[in-house]
Amino acid sequence: MFNLLKDIDSFEFWEGAKRKKLMIQKSKLTKKYFLYSRSFSGIDANEPFEWVEASGSGNIYSFTISHIPGGSEFYVGKTPYIIGSILLKEGVRLMSNIVDCDHSKVEIGKKVKVVFKKLDNEIVFPCFTPT
């Protein structure tokens, strides 16, 4: 079973996804966008920030095609599937699935946009599809 932990750092992200909004964080001081964890973003731990809706568009930074179901019941019987590192136009990079496309046509640098996949009543997963 997919055990989603909505903690203080991720709660707004997952709640935003339920509303079909891709939420990221923005420093109130430097105006730099980031997504938790701050320790990897260059944003000071004490720096004030706000949650903002991202554009939802970006490029494929990297990807792999998995032939083994992993993570949860949501992937059983759905192989192969694409796991991608997406670089949003705001400069934030996040991991997600690349969906609704021919796997042989996926390539690094290709433009993508966010789509939201409802996994159950509590989990809506932001995925990406080529544009």
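Start by selecting Phe49: this residue is partly exposed, with a relative accessible area of 27%. Keep in mind as you go that you are looking at a predicted model.

**Stop 1: the partner of Phe49**

Now add Phe34 to the selection. The ring centres of Phe34 and Phe49 are 5.9 Å apart and the planes meet at 75°, so this is an edge-to-face pair; the cut-off for that label is an angle over 60 degrees. Colour by secondary structure and you will find Phe34 in strand S2 (residues 33-34) and Phe49 in strand S3 (residues 49-53). The two are 15 residues apart, and the pair links distant parts of the chain. Is Phe34 buried or exposed? Its relative accessibility is 2%, so Phe34 counts as buried.

**Stop 2: Trp14 and Phe125**

The structure holds three aromatic pairs, so there is more to see. Select Trp14 and Phe125 next. Their ring centres lie 6.1 Å apart with the planes at 25°, so the pair is stacked. Zoom out a little to see where each ring comes from: Trp14 belongs to helix H1 (residues 11-18), while Phe125 belongs to strand S8 (residues 124-130). The pair therefore ties together parts that are 111 residues apart in sequence. Both Trp14 and Phe125 are buried. Bring in Phe13 as well, and you have a cluster of Phe13, Trp14 and Phe125 linked by ring pairs.

**Stop 3: along helix H1**

Stay with H1 and show its side chains. Which residues of H1 are buried? They are Phe13, Trp14, Glu15, Gly16 and Ala17. To see what covers them, display strands S1 (23-27), S3, S7 (111-118) and S8, which are among the covering parts. Just past the helix, pick Lys20: this residue follows H1 and has a positive phi, near 60°.

**Stop 4: Ala17**

Step back into helix H1 and select Ala17. Ala17 is buried, with a relative accessible area of 0%. What does Ala17 touch, leaving aside its neighbours within four places in sequence? Show Phe116, Val124 and Pro126, and you have its contacts. For a distance check, draw a line from the C-alpha atom of Ala17 to that of Lys32: the two are separated by 21 Å, although they are 15 residues apart along the chain.

**Stop 5: a charge over a ring**

For the last view, select Tyr61 and Arg93. Arg93 lies over the face of the Tyr61 ring, at 3.9 Å from the ring centre.

Key. Residues are numbered from 1 along each chain as its sequence is written. This is a predicted model: local features need pLDDT of at least 70, side-chain atom pairs count only at pLDDT 80 or more; totals for chains, interfaces and linings use all residues. Side-chain values use heavy atoms; hydrogens and water are left out. Rings of Phe, Tyr and Trp (its six-membered ring) pair if their centres lie within 6.5 Å; planes under 30 degrees apart count as stacked, over 60 as edge-to-face and the rest as tilted. Helices (H or I, at least four residues) and strands (E, at least two) are DSSP runs, numbered from the N terminus. Buried means under 20% relative accessible area, exposed over 50%, partly exposed in between (1.4 Å probe, protein chains only). A charge sits over a ring if NZ of Lys or CZ of Arg is within 6 Å of the ring centre and within 35 degrees of the ring normal. Contact means heavy atoms within 4.5 Å.
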